[in-house]
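Colleague: Could you take me closely through one part of this structure, the sheet and the helices that pack around it? I would like a connected account rather than a list.

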Amino acid sequence: MAVLVKIPTQLRAAADGESEALLSGATVQEVLDDLFERFGELRTRISDDDGTLRRFVNVYLAGEDIRFLDGLATPVPDGAELTILPAVAGG
Amino acid sequence: MAVSHLECKECKAEYPLEALYVCERCFGPLEVAYDHSRSQRDVGALRRRIQGGPQNIWRYADFLPLAGGPPGPSGRLASRVGLPAGCTPLIRADRLAERLGLREVWVKNDAANPTHSFKDRVVSVAVTRARELGFETIACASTGNLANSVAAHGAALGMDSYVFIPADLEEQKILATGVYGTKLVGVRGSYDDVNRLCTELCAERDWAFVNINLRPYYAEGSKTLAFEIAEQLGWEIPDRCVIPVASGSLFTKIAKGFQEWTELGLLEGETPKMNGAQAEGCSPVASAFAAGQAVCRPVKPDTIAKSLAIGNPADGPYALELARNTGGSVDAVNDDEIRAGIALLAQTTGIFTETAGGVSTAVLSKLAARGDIDPDERVVLVITGDGLKTLDAVRDTFETYKIDPSVEAFESSVPEAVAV
């Protein structure tokens, strides 16, 4: 199952300069695992030692924050788009 | 100048003073760091230097992240450049205090800024820094007040601006943004959708998004509220501050302002008890506070307090920590309490605030009723925006006598005003 993951500018240095990657997985967790498989350094940058995402990391599935879905266990349909973005205070 | 570098709030990694906002190592937010080791140590001289400055936030330029000092000609003339903010009234609100059974309540009326909200403080700093960094276009993701301010600052300084707002914002806030000739973009979605979109746009454009890539500088502008409150109280720290919480940035930076001045010897005493105020329809920080959690679970906002409708507050964890460490709290009030708060403030102080100020006033009432406030405390209520921005909140909340233009008609409609 192909999933397009969009990589934020702040992480591209650790992802061979890529702005997106075509990956696979049935859940957000599986897709992220595939991402970390490909770019090992990304794992420590956005997730804690226990594997959960750091608190300032937002992940969106087709524009929806995965915390409104089923978090890392959210199923990812074929052809979906995952976006990783830093949390920014608003105003 | 004392500004030194950017530093990750989480892992303390250091970065140069550029348009950066996220730590590449751990994704934490970046914050401005200062080195005051070479600053004036004579407190009297420091105070005189501040007091001799212009009647706006540039009197605090030594404590703001600008490489070149205040914009424009030096000294008092700086107040004539651009659209400077600050030096808003701090009013002793005895009638409000009496109504709440408190002894000393002060209202910091930040509606008295050029575009009628505290956002002019943060935008002044961000836009000045953006010019120092060579940007020609400014932009923002906004719940309304920031939109007004960015559009106006763009006009005042002759910079192009793009303003992104949720399409269903209050009409007053849309009109008071478009009038400045900005490129106004209404996004079908919530503020959090707007924020996500702008974070994506920001990466590919050479624009200064004041609250995204310029955020470390922007946020520092909120410290000037603390500086002013302390200066207006005669260089004293209040016992408690009640402040609205959306992203949590204003809340945490006001505390930082008091703390920085205490470290420099300009003030003495403890950080005030910090009370955050949210609307029940969007209360991720208040819910986490009540549940004893360290992080906030995002929510989908549904409240009349649209300027506070941020469902995913990035500074939430810091706001929670601050409220707990100072013996304060983060509380939420419902829409009816917000309307009652607006009326209470208006009818006891003559200050008409927008819904966010209704939230703060209602939370102050709640704290007083709950007995959380010692009667001897000096409390500062921070009012961040003007009531003319959210007129729907007061529509149909009072009666108007409609009469023909005759004395008889007046006296029959308003019997208590009959002349004797």
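Modeller: Helix α6 of chain B, residues 191-204, lies across β6, β7, β8 and β9 of chain B, and its direction makes an angle of about 145 degrees with β7(B). This is a predicted model, and what follows should be read in that light. The strands beneath that description belong to an open sheet of four, ordered β8-β7-β6-β9 in chain B and paired in parallel. Its edges are formed by β8 (183-187) and β9 (208-209) of chain B, each of which pairs on one side only. Within the sheet, strand β6 (residues 137-141) of chain B runs parallel to strand β7 (residues 160-166) of chain B, and five bridges join the two; Cys140(B), for example, stands opposite Val163(B) in β7(B).

Helix α4(B) also lies across part of this sheet, namely β6 and β7 of chain B, and runs at about 170 degrees to β7(B). This helix, residues 145-157 of chain B, packs in turn with helix α5, residues 171-178 of chain B, at an angle of about 10 degrees and with the axes 8 Å apart. Because angles under 35 degrees count as roughly parallel, α4(B) and α5(B) are therefore described as roughly parallel to each other. On the α4(B) side the contact is made by Ala147(B), Asn148(B) and Ala151(B), while α5(B) contributes Lys173(B), Ala176(B) and Thr177(B). Taken by character, the residues of this contact between α4(B) and α5(B) comprise three nonpolar, two polar and one charged.

Technical notes:
Residues numbered from 1 in each chain as written. Chains lettered and ligands numbered in written order. Predicted model: local features only at pLDDT ≥ 70, side-chain atom pairs only at ≥ 80, totals over all residues. Axes fitted to C-alpha atoms, helices over the stretch in contact; angles between N-to-C directions. Parallel < 35°, antiparallel > 145°, perpendicular 65-115°, else oblique. Contact = placed C-beta atoms within 7 Å. Nonpolar A, V, L, I, M, F, W, Y, C, P; charged D, E, K, R; others polar. Pairing = 2+ DSSP bridges.
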